[in-house]
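Ready to practise reading a protein structure? Take a look at the model below, then try each exercise before you read its solution.

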Amino acid sequence: MLYLKQIQWELFRKKMRSVLLVVLFALLVICMSFYIRNIRSTQAALDDLAEKLPVTVHIVSGDGSRQGGLNILESQFFALSSAGVHDVRCTSSAAGAVSEDARAVDPFAGGDTSIAGANCVEATGIALPSFAYANGYGPSLFSGGPEPVCVVYKGFADEHGLSLGDAVTFPMYKVSRKSNGLSFLPLGDVELTVVGTFDALAASGEPTSMYVPIAWMQEATKSAGVEFTYGTTSATLDDPMRLNAFKASLPEMGFQEANPEASGQYGGSTVSVDDEQFIRTAEQLLQNLSLFQSFFVPFLLLLAGLAALVIFLVLRSTSRDMAVANSLGVPKRALFAVFFAAVFLLCILSCALASPVLVFAAGLSAGEALAVCGLFLVCAVVGIVPALLSILRFNTLDMLTKVD
Amino acid sequence: MSQISAQNVSFVYQSKYQQVQALTDVTCDFEEGKFYAIVGQSGSGKTTLLSMLAGLGAPTQGEVLVDGVPVTAADSEKHRRDNVSVIYQSFNLFPALNLLENVMYPMFLHGVPEKEAKPRAKELLDAVGLSEVDVRKLPSMLSGGQQQRVAIARALASEARVLLADEPTGNLDSENGQLIIDLLHRLVREKQYCVIVVTHDLNIAAGADIVYRMRDGRLTREASA
């Protein structure tokens, strides 16, 4: 009964001391929560980095200088697109002669119509709002099947008197780029229905007269007995944190290192990875995370040390009361238990008071706040024990025979 | 029969730079119903002997016995709870507890319920002449003499039969000092307490039944009343 009463006296008869301890402990809990929040937010930033800073890979020319106008073989395209990537974008180039004048040029030298097959709107490099579609059509036409439809540049449509729903028939040629220039391989006459228009140029600035679904262009090329190649291919890595493994697998996929002496070659023999920003950011985040994690245990020990110091400084003045109790026959171990319980209760109260700050200011979940409080209580115990043992090392008689 | 005694007690302080022989082969008996004074110069070992008797220190050699049973280091706290009460020059009351709680403290330590402890504590405060004082006051609101009376009431509350007093009047004026000494004499006379007072005051020694003198750690019986 005495010990319970003494705990009660320690808590409520020395209110200023109790309030001071609660405030100081609450500050330590909040410090701890912000430290843990930093670890958590850095880890979250690292986890989200692939989404925030996607790493794109491009098939490029042998010397690494060109991303477009290439002759990328289907085998190269499939090798890349099955290597842990998503959001694959590809285009292929063709040319045509829509006007009578252009058709009259023999041999064909590029005609009046530049045609690009694309597997998605994003592959065109033109902003989405620049496109307008006929009823029943939309951006999904590019990723659909081999439907003979086209989306034409507004200026081109005006020039050739084309409107939505019109059918346009013209001879089409596969464009193949070689070191000595362009070559055009005839694919025969094709008929396309105009199902959309666009009124902006691609970001690359290359004028394109019309876009068609790449699946249709692939089919048209193959049915003419001509080998189909892609002009551009890019994709986004599924897991940029496995960047090194991806790069290491490139030779197995048949891709080579960029070779400056391979200029003038237009095959898609090399893959370039836009990873500079990702690596820089990821390294920074990993460095921060590693720093936070490596200092976590020292930080906890520091907190325990601070708790010990606070308890020692605040309770030191109580050592005389402890000595009086000891002289009356209260064992020091009982005094330890009483003061431990009193301080521990104040720690719990501090946690309860700091919890709203943890949840609303530090942004921790209830479970995380509970974990922080639990961790703080462990640190507090580590601090309380040496502080009390140190305070209780008094000589009772020396303490009590001091004259005020 | 001896209530408390020291048998060949020696004690050596181990300070940082040297060993100090504070007590040398001290043997003495203290009986119920007698008032003892231990006198001597500062540093002669009076307070050290008191601490040995109170179980606040363990002799380097020899032993302290209560009713013939040695007090060991392991049961020194029980010894202070049950056998001896110490009254200090600086009162050593609990500053955050009121007068009643200070007196009830040893009773709580013996497991006496508050319902019984409260009237008993009031009786003890009355017995030491504090019947007019508000028992809800804190010690700091009282004079030194009143605080020493509360300390004596607390000592009586433990029901120990030996009162050890270390310069109990050292912080009091002569009038209050005399009142405290009278009170201790009354406890000896009426309640058969064994009171052992460590003091410089020769007047207190003059009123004692038995006077011991400490000199360089050695105890000699000086006079009988």
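The exercises below go from the overall form of one chain to its strands, its contacts and its cores.

This is a predicted model, in which local features need pLDDT of at least 70 and side-chain atom pairs count only at pLDDT 80 or more, while totals for chains, interfaces and linings use all residues. Residues are numbered from 1 along each chain as its sequence is written, and chains are lettered from A and ligands numbered from 1 in the order in which they are written.

**Exercise 1. Describe the overall form of chain A.**

Step 1: Start with the elements. Chain A has 14 helices and 12 strands; these are DSSP runs, with H or I over at least four residues for helices and E over at least two for strands, numbered from the N terminus.

Step 2: Compare with a globule. The radius of gyration of chain A is 37 Å, well over the 22 Å that the globule rule gives for 404 residues, so chain A is more spread out than a compact globule. Here the radius is taken over C-alpha atoms, and the rule is 2.2 Å times the number of residues to the power 0.38.

Step 3: Look at the axes. The C-alpha trace of chain A spans about 120 × 50 × 30 Å along its principal axes.

Step 4: Find the domains. Domain 1 of chain A covers 2-47 + 285-400, and domain 2 covers 56-274; such bounds come from an automatic or database domain assignment. The C-alpha centres of these two domains are 67 Å apart.

**Exercise 2. Work out the surroundings of strand β9 of chain A.**

Step 1: Check the faces. In a regular strand, side chains alternate between the two faces of the sheet. In β9 (residues 210-213), A:Met210 and A:Val212 lie on one side and A:Tyr211 and A:Pro213 on the other, and all are buried. Buried means 20 or more other C-beta atoms within 10 Å of the residue's own; 12 or fewer is exposed, and in between is partly exposed, with C-beta atoms placed from the backbone.

Step 2: Find the partners. Strand β4 (residues 113-118) of chain A runs parallel to β9(A), joined by 4 bridges, and A:Gly117 stands opposite A:Val212. Strand β6 (residues 149-153) of chain A is antiparallel to β9(A), with 2 bridges, and here A:Val151 faces A:Tyr211. Two strands pair if DSSP finds at least two bridges between them.

**Exercise 3. Why does A:Glu122 count as partly exposed?**

Step 1: Locate the residue. A:Glu122 sits in helix α5 (residues 121-124) of chain A.

Step 2: Count neighbours. A:Glu122 counts as partly exposed because it has 15 C-beta neighbours inside 10 Å.

**Exercise 4. Describe the side of chain A that touches chain B.**

Step 1: Count the residues. On chain A, 20 residues are in contact with 24 residues of chain B, where contact means C-beta atoms, placed from the backbone, within 7 Å.

Step 2: Name the elements. Those of chain A giving two or more residues to this side are α1 (2-12), α11 (319-327) and α14 (396-400).

**Exercise 5. Which residues have the most contacts inside the largest nonpolar core?**

Step 1: Define the core. A nonpolar core is a set of buried Ala, Val, Leu, Ile, Met, Phe, Trp, Tyr and Cys residues joined through C-beta atoms within 7 Å.

Step 2: Read off the residues. The largest core has 119 residues, and B:Tyr36, B:Leu53, B:Val195 and B:Ile196 have the most contacts inside it. Helix α12 (residues 332-361) of chain A gives the largest share of this core, 10 residues.

Terms used: Contact = placed C-beta atoms within 7 Å.
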